[in-house]
Every structure is written in C-alpha cells, then in structure tokens.
Amino acid sequence: MSDLNPETRNYIGGQLVGASSGATFENVNPATEEVIGVCSDGTKEDMDAAIAAARQAFDETDWSTNAAFRGKVLRQFHAALEEAKEELRAIVVAEAGSPILLTHQVQTNAFIDAMPYFADLAENYEYESAMSNIDFMGMSNRRILRHEAAGVVGAITPWNFPLYLNLCKIGPALAAGCTMVLKPPPDTPWCATALGRLFAEKTDLPAGVLNIVASSDHMVGEILTTDPRVDVITFTGSTATGRRIMECAAPTVKKVFLELGGKSANIVLDDADFAKAVGFAGTTCVHGGQGCAIPTRLLLPRSRYDEGVAIAKAAFENVPYGDPTDPSKLQGPQVSKKQQERVLEYIEKGKQEGAKCIVGGGVPAHLPKGYFVEPTLFIDVDPDSTIAQEEIFGPVLAVIPFDDDDDAVRIANNSIYGLSGAVSSGSEERALAVARRIRTGTLAVNGGMWFHQDTPFGGYKQSGVGRENGVLGFEEYLEVKVMGLPGRP
Ligand code: NAD
C-alpha cells in the first residue's frame, strides 16, 4: 500500500460514495508491480444514478445559464488543484508510471495552470450576438445567434495522460455550462476520483453538475454512449474503441467528439540540421511512447540515411529510462502487463516482417520489476508493414527512407491516422511547404512546439472528430441556436 492517501470513492450527485455493490478494484503501480490501493468499482446502477444526477442538474439548475457562477467555481477548482498539486503529481507517477519530469509540464502542471483560461472563457465568451438583417418575402428580419450549453456530457478518458485528459474535458465542458459524467480508465482511477474530492470539499459546484464513476468494467462506460439522457460524448482513447463508441451513439444521434490514436511521422529533409532533428529521436520513448501525438515513424532522406541512422541509434542507446520517480528519466514503464505484452508482440512482428532491430527489442534485464520495455529502434522499415502502420504505444521507432520531398509526403500520409508530426529543414519555407501537405492536426516545424491550452488539438482521418482545447474545443460543448425576429419598423 502507498502513503498517497488517495480518494477512492466515486462522486455522484454531489456525494463521495463507494460502489453500490460495495466492491473495489486494485490499483497497481506499473513501475513496481505493487498494489498501491483500491478504488470503488462503479456499477451499472452507479452509472445510472450519475447520469440521472447530471440530467437533473442540467434541466433543473441555472448552471447552464449562469456563466459568472461557472467562472467562480472553476476558479475555486483551480485554487484547490494548486493546493493539491504535489499530491496529484505523486498519484500520476504512482498509477500511470509517468516520469516525474513530465509532471512539471503536460502530466500535471500544464492543465492545472490552464484552469483560469477555461474560467475566462466561461465568463467572457460571446454567447449571444446579432447577425445582419435579412430580407425574406419582402420583409426585413433580424436574427440573434446564440450559443448555449449542449447538455449532459459523457466523458471517457484513457490512462496515458490521465490528469491532463480529465482536466481538458472537465474545464471546457463545465465552462460551457454542460453537466457531465466522467468515466476514467481502470488503470488510473485516482487521477479522476481525486478531482471529485476537490470539487466536493473545495468548491460550490452544485450537486450533479459533475459526476465521476470509476469502474473496472469498460461496459459501465459504454452506458454513457447509449443512454438517451446523454447529449454529447467526448472520448479520448484508441481508434478501435472510438469506432465502437460512434456505433453505440448512433441510435440516439449523440454529438460524438473523438480524440483517437496516431502514427505520426517525423520528416527530416536532406538540408536539415541532423544533430538537432534526428538527435531528439529518443523523445519517441518519452513515457514509454504512450502518447498519441509522439512521432513513431522517422523518415530519413536516402542521401543522408546512414548518417541519420547513426544519430538515431546513439539517441536510442542513451534514452534515460527506469524508475519514474527519478527526475533524470524520460521513460518509465508501460502502464500494465497487458500493454507491455502488446508492445513486445509488435516488436516480434516487426522482426518477422523483415525490419532490422538495431537497438533494444525486449525487456531490460536490469529492470526485472515493473512493466518496462527497452527503447527499441527499427531501421529499413517497409512503410506498409505492421509496425509502420499500427499504433504500438510503446518506446518503438520505425525508420523509413525516402527519395525526395514528394516521397516523404506520400509516406507520411500513408496512414489511417492523422494526428501530429514533425518536419525539419534548413529552410523554414521548405519545411512549411511540406508541413502544409501533411494531413494531420498538429505539426512541429523545425522543432517548434504547438501544445498549449489555447491550441485546438485533434486529428484528421481516423485520429478523431472535433478539436480539444482552445476556443474551438470549448465550442464543441455548445449548441447553436438562431432566433429570427421581425425587423424594426
Ligand atoms: P481504450 O480505447 O482502450 O480506452 C479508453 C477508455 O475507453 C477507457 O476509459 C476505457 O475504459 C473506455 N472504454 C473501453 N471500451 C469502451 C466501450 N466499449 N465503451 C465505452 N468506453 C469504453 O484506450 P487506452 O488503451 O486506454 O488508451 C490508449 C489510446 O488512447 C491510444 O490509442 C492513444 O493514441 C489514445 N489517445 C489519444 C489521445 C488524443 O488526444 N488523440 C490522447 C491520449 C490517448
């Protein structure tokens, strides 16, 4: 057991409650394989109660129309998060196996710091505005354009960036005036239940506006996708589950907003500074490669292929990995035994399909405890092979040669995914020209960073539908209404 003092109860109808069955499930630290505690194992009945509470709060309180109050509650929540920051950081490291280094950015601090941005949006967004007058059948008409809360949101999140992903759904959905039910993944429940306690104890959030139901059973989450009382589904997770969610949401025609997988390409053009552009190839291994936007294909020009491979090899041989509580580490364990095995299967598949594994390729001998996988570098990868096409979600990079810029663009776009990527060149114009042709939602050009709370983030193709964060992300939680009135005489 740990000394984390986590919240283990769900949050339903304004109360911190154990599961209706009384059951709990174990939370395992992936770096040590130790059970660090338990969490209430939400049932179908608990989910039903949570949806009922969210529906009632939406229909019977002024939450959806009182923007100033929403801003106030989000600022209270921000203060509570600040106070609990170190506790939350420790939970992220313990249950997700995230390197502590990352918690100083996206894993913990970034979206705690972002909460005032969502409070500002709640308070200052122009919910109503006048459109220009129109003539219709010889009469002048005025129009009012109104944006209003979309209703009850079902939010389903994954384990890789658990605190961030919960916050980047709670922040804008509550700011927009929605009520919600959050269903976190079984691997990282405390990053959600901890937030329930903060809301319950440190804010004036009305009962039922936010409900949190952790469960070991994915099917408890599926109820959100079929229940007619839920208006919107916001989901982050695998493309396979995203497809299932779309299907389940179809009979009740829910608005479905999906942030899914990726297979991003890092394109290094022949005039790039290779030491910089390829030297950072090891960042594929950050957090065990368990990031949807991490570049997992490295595209190198044939004219400088051997040079690029040598730099990537050195980078992979020097990735600092191991104990995630050690601030010098970039890579911790995979989140679970299941994920570790899945990654190892992909590595075997890569070898069978003929790619050359020149670094790693297995479980590190010096880390017998924990679900670790060695930083693994494949070269001479066929762009159509499994490891170049499927999302591995591990510390595995596939190096693919290309002939010219057109070939690089073709290979990069040869994917069902379109989430992110990178382009480097000695000429910013050339890098931008290539970046404009890549069908993905975000791109790092010459090492530039795009991640921020006001950056709309999301994918083309099977990487998703809609955008998270920024004004566009906030508007995903709003419906649009137009009211026509007779023109003034
Ligand atoms: P997953 O799809 O297995 O699970 C995600 C969530 O969905 C969990 O809470 C799980 O309990 C729930 N779930 C599973 N089946 C369900 C069903 N039938 N109905 C409703 N809910 C269900 O994904 P994962 O393995 O937890 O996370 C890794 C995936 O998430 C990767 O593919 C990664 O690329 C993706 N991801 C995407 C983004 C993004 O913003 N695009 C961000 C982070 C992770």
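How far is the sulfur of Cys39 from the closest cysteine sulfur, and which residue holds that neighbour? In this predicted model, the gap is 11 Å and the partner is Cys191, which is too far for a bond. A disulfide would need the two sulfur atoms within 2.5 Å. Cys39 is also buried, with a relative accessible area of 0%. Cys178 tells a similar story: the nearest cysteine sulfur belongs to Cys168 and lies 15 Å away, so Cys178 is in no disulfide either, given the 2.5 Å cut-off. Cys178 counts as buried too, at 0% relative accessibility. Across the structure, the disulfide count is 0.

So much for sulfur; now for the rings. A pair of aromatic rings is described by how far apart the centres are and by the angle of the planes. Searching the whole structure turns up 13 aromatic pairs. One of them joins Tyr125 and Phe474, edge-to-face, with 5.0 Å from centre to centre and 65° between the planes. Tyr125 sits in the loop between helix H6 (115-124) and strand E5 (128-136), while Phe474 belongs to helix H17 (residues 470-475), so this pair ties together parts that are 349 residues apart in sequence. Tyr125 and Phe474 are both buried.

Then look at Trp450 and Phe451, another edge-to-face pair, with 6.3 Å between centres and planes at 65°. Trp450 and Phe451 are also members of one aromatic cluster, together with Phe111, Tyr117, Phe118, Tyr164 and Phe457.

Some rings have a charged neighbour instead. Lys169 lies over the face of Phe257, 5.5 Å from the ring centre. Over at Phe274, the charged end of Arg304 sits above the ring, 3.8 Å from its centre.

Last stop, the ligand. There are 28 residues around the ligand, and those that come nearest are His218, Glu222, Ser238, Leu260 and Glu391. Leu260 shows up again in the polar contacts: one of its backbone N or O atoms lies 2.6 Å from a nitrogen atom of the ligand. On the oxygen side, a polar side-chain atom of Trp159 is 2.9 Å from an oxygen atom of the ligand. Gly237 offers a polar backbone atom, with an oxygen atom of the ligand 3.3 Å from it. As for how covered the ligand is, taken alone the ligand exposes 850 Å², and the protein buries 91% of that.

Terms used:
Residues numbered from 1 in each chain as written. Predicted model: local features only at pLDDT ≥ 70, side-chain atom pairs only at ≥ 80, totals over all residues. Heavy atoms only, no water. Phe/Tyr/Trp six-rings, centres within 6.5 Å; stacked < 30°, edge-to-face > 60°. Helix = DSSP H or I, 4+ residues; strand = E, 2+ residues; numbered from the N terminus. Buried < 20%, exposed > 50% of the residue type's maximum accessible area, 1.4 Å probe, protein only. Lys NZ or Arg CZ within 6 Å of the ring centre and 35° of its normal. Near = heavy atom within 4 Å. Polar contact = N/O pair within 3.5 Å; in protein donor to acceptor, adjacent residues only side chain to side chain. Areas by Shrake-Rupley, 256 points an atom, 1.4 Å probe, with all protein chains shown as cover.
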